Amino acid sequence: MVGNSGIVVRTASNEAAQKLKAAAPPNLKVAEPKARQPRVALRYLRQNIAEPEILDSLHQANLADDASWSLEKFRASRKEAEKLVALGRVYIGWDELEVSDHIRATCCNKCQQYGHPEKYCRAKETTCGKCEETGHKSPECQSAAQCCATCKRFKRKDAHPTAAASCPARQHAEQQAVSMLQYS
Ligand SMILES: [Zn+2]
Ligand SMILES: [Zn+2]
Ligand SMILES: [Zn+2]
């Protein structure tokens, strides 16, 4: 679900999407979801380095020997994110950094499900992100139990906190977000 009254339909092929578009009644507004620009997360940078220098330093330490990646191309290309993620590990000065797609999948504060913010939530009751019971939010939680409220809805019993990196629902939401990235 998106916005106040919209839904996103995922089709197996572009052809199926076009068919569905053509079949939609005229009182429905149909549009294709906006592709997002890729963002890259660099972890474990220990030195203070000014933002304009990061790209240059990244290029110098990791791609200077790669004839297919001139500094000009690296600065201007939209594929630089993809290139960096493919490298996995990069260097800036003496620091070794971990590169990954920077993905944020929206998790609703009220119902603890992915894909919409709280302001568009249609759940009647608040679900606690700590104990997964309804009727209160986690700051007021009195329970000693900790359980993933997102997974509970899918009848999965996994012992991890809501929004943990290991949460399969979160991982699924992030994979969906990656597939929306525009790399070209
Ligand atoms: Zn919600
Ligand atoms: Zn609770
Ligand atoms: Zn979970």
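In this predicted model, lysine 137 and glutamate 118 are joined through their side chains by a salt bridge, with an N to O distance of 3.0 Å. Both partners sit in the loop between β3 and α5, yet the contact links distant parts of the chain, 19 residues apart. Neither side chain is hidden from view: lysine 137 is partly exposed at 29% relative accessibility, and glutamate 118 is likewise partly exposed at 33%.

This contact is one of 9 salt bridges in the structure. Another pairs lysine 152 with glutamate 132, whose closest N and O atoms are 3.8 Å apart. Here helix α5, which carries lysine 152, is connected to the loop between β3 and α5, home of glutamate 132, across 20 residues of sequence. The two ends of this bridge fall into separate accessibility classes: lysine 152 is partly exposed, with a value of 37%, whereas glutamate 132 has a value of 8% and therefore counts as buried, the limit being under 20%.

A further salt bridge brings together the side chains of glutamate 98 and arginine 43, again at 3.8 Å from N to O. Glutamate 98 belongs to strand β3 and arginine 43 to strand β1 (residues 40-43), so that a separation of 55 residues is spanned. Both residues are partly exposed, glutamate 98 at 26% relative accessible area and arginine 43 at 37%.

Turning to the metal sites, the zinc ion (ligand 2) is held by three cysteine sulfurs and one histidine nitrogen, namely Cys128 (SG), Cys131 (SG), His136 (NE2) and Cys141 (SG), at 2.0 to 2.4 Å. Angles among these 4 donor atoms run from 105 to 114°, and the site is tetrahedral. Along the chain, the donors follow the spacing C-x2-C-x4-H-x4-C. Cysteine 131 and cysteine 141 both lie in the loop between β3 (95-101) and α5 (149-153), so this pair ties together parts that are 10 residues apart in sequence. Both of these cysteines are shielded by the protein: cysteine 131 is buried with a relative accessible area of 6%, and cysteine 141 is also buried, at 14%.

The zinc ion (ligand 3) has its own set of donors, Cys148 (SG), Cys151 (SG), His160 (NE2) and Cys167 (SG), at 2.1 to 2.3 Å. What makes this arrangement tetrahedral? The 4 donor atoms subtend angles of 101 to 116° around the zinc ion (ligand 3), and the geometry is tetrahedral because all of them lie between 85 and 135 degrees. The sequence spacing of the donor residues at this site is C-x2-C-x8-H-x6-C. Within the set, cysteine 148 from the loop between β3 and α5 is paired with histidine 160 from the loop between α5 and α6, a link between distant parts of the chain that are 12 residues apart. Cysteine 148 and histidine 160 are both buried.

The backbone offers two details worth a look in the viewer. Glutamine 112 has a positive phi, near 70°, although this residue is not a glycine. Glutamine 112 is located in the loop between β3 and α5 and is buried, with a relative accessible area of 9%. Alanine 163, also not a glycine, has a positive phi of about 70° as well. Its place is the loop between α5 and α6 (168-179), and with a relative accessible area of 35%, alanine 163 is partly exposed.

Note on methods
Residues are numbered from 1 along each chain as its sequence is written. Chains are lettered from A and ligands numbered from 1 in the order in which they are written. This is a predicted model: local features need pLDDT of at least 70, side-chain atom pairs count only at pLDDT 80 or more; totals for chains, interfaces and linings use all residues. Side-chain values use heavy atoms; hydrogens and water are left out. Donors are N, O and S atoms within 2.8 Å of the metal (3.2 Å for Na, K and Ca); water is not among the atoms, so sites may look incomplete. Four donors count as tetrahedral if all angles lie between 85 and 135 degrees; four count as square planar and six as octahedral if opposite donors are over 155 degrees apart and all others between 65 and 115; anything else is irregular. Helices (H or I, at least four residues) and strands (E, at least two) are DSSP runs, numbered from the N terminus. Buried means under 20% relative accessible area, exposed over 50%, partly exposed in between (1.4 Å probe, protein chains only). A salt bridge is a side-chain nitrogen of Lys or Arg within 4 Å of a carboxyl oxygen of Asp or Glu.
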